[in-house]
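Please open the structure in a viewer and keep the selection panel at hand. The stops below are meant to be followed in order.

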Amino acid sequence: MTRLTVLGLLALLILPAGACSPLDDAVVAVFGRSMRDQPTFDPYENPRPAPEGSVPFAAGNLPSGPFEVNLGQPQGLGEALPPFTQLDVLNEAPVVMGLSNPVALSEASFERGEELYLRFCAPCHGPNGNGVSGYIIPAGYPPFPLLSDRAIAFSDGYLYGMIRVGRGLMPGYGHQISHFDRWHVVNYLRLLQGVASAPAFPEGTGDPMAREVPQATPQDQGGSPN
Ligand code: HEC
């Protein structure tokens, strides 16, 4: 056998295997389903309900609502989140600007937002959001204040977008702060900026604004607890 014949035979063997689509289609015709088309699961996703008394942990899926703990169930958001990039944030694209905040202002939301803000944002923007007291400013990060008129004028969607994908020198935190938590951070940011306040509690049940939040001004004294 010449070398050419061997090569020819090899090509005959390899080529159909490489072009797997027709082969796959033939398998579908015979067996009714293909290897390409199968149910897949996210890491840690468990389609069965969690065993009673088990301790939940965060999975790759999104929790189904604000304050809900993710039990590893498939994501329960009504509609899928549109994907966007830093460029969309920079260009104030409608996909970012049009995002509406699904998490109502409440003391619980502020508390969650505060926890995350102190953990993720304070290192650079300072615990009050004024930038100057950011711990890593001495390392060369510019002090970007979040209390400026400019930052106050940003839409909720823009702030959400910045948290998710970052902008310029600021890293994105979408992989660490999940969907509803990002909105809690946005709400807390509004509290720091003094443009939002918690719904007031009825007499005697405690003033939600009593805890120390710099720059916050209680505006809403009426109403009921969230
Ligand atoms: C590693 C440091 C760092 C961390 C942590 C950080 N930021 Fe930033 N942030 C920056 C820098 C730097 C800028 C300026 C971005 C640019 O160059 O466009 C910025 C800009 C911003 C702006 C826009 C300010 C303006 O006037 O345009 C907002 C809003 C913001 N950050 C919110 C947040 C929030 C919310 C968090 C927490 C989830 C956070 N940042 C965490 C460094 C950081």
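Begin with the shell of residues around the ligand, which comprises 18 nonpolar, 3 polar and 2 charged residues. The model is a predicted one. In total, 23 residues surround the ligand. Select Cys121, Cys124, Gly168, Leu169 and Met170 to display the closest of them.

Next, colour the helices that contribute to this shell. At least two shell residues come from each of helix 5 (107-125), helix 6 (149-153), helix 7 and helix 8. Which helix supplies the largest share of the shell? That helix is helix 5, with 5 residues.

Keep helix 5 selected and add helix 8 (residues 179-192). The axes of helix 5 and helix 8 lie 7 Å apart, and the two helices pack at an angle of about 95 degrees. Because angles of 65 to 115 degrees count as roughly perpendicular, helix 5 is roughly perpendicular to helix 8. To see the contact itself, show the side chains of Ser109, Phe110, Arg112, Gly113, Glu114, Leu116 and Tyr117 on helix 5. On the helix 8 side, show Asp181, His184, Val185, Asn187, Tyr188 and Leu191. By class, this contact between helix 5 and helix 8 contains 6 nonpolar, 4 polar and 3 charged residues.

Now hide helix 5, retain helix 8 and select helix 7 (residues 156-165). The axes of helix 7 and helix 8 come within 9 Å of each other and cross at roughly 125 degrees. Helix 7 is therefore oblique to helix 8. The crossing of these two helices is right-handed. Which residues of helix 7 meet helix 8? They are Asp156, Leu159, Tyr160, Ile163 and Arg164. Their counterparts in helix 8 are Arg182, Trp183, Val185, Val186 and Leu189. The contact of helix 7 with helix 8 consists of 7 nonpolar and 3 charged residues, with no polar ones. Val185 is listed in the contact of helix 8 with helix 5 and also in that with helix 7.

Finally, colour the protein chain by pLDDT. The mean pLDDT of the chain is 76, and 64% of its residues reach 70 or more. Among the elements of the chain, helix 7 has the highest mean pLDDT, at 95, and helix 1 (residues 3-18) the lowest, at 59. Select residues 201-226 as the last stop: over this stretch the pLDDT is below 50. Beyond near neighbours in sequence, residues 201-226 have 44 contacts in the model.

Methods
Residues numbered from 1 in each chain as written. Predicted model: local features only at pLDDT ≥ 70, side-chain atom pairs only at ≥ 80, totals over all residues. Axes fitted to C-alpha atoms, helices over the stretch in contact; angles between N-to-C directions. Helix = DSSP H or I, 4+ residues; strand = E, 2+ residues; numbered from the N terminus. Parallel < 35°, antiparallel > 145°, perpendicular 65-115°, else oblique. Left-handed = near helix turned anticlockwise from the far one by under 90°. Contact = placed C-beta atoms within 7 Å. Nonpolar A, V, L, I, M, F, W, Y, C, P; charged D, E, K, R; others polar. Near = placed C-beta within 6 Å. pLDDT = per-residue confidence, 0-100.
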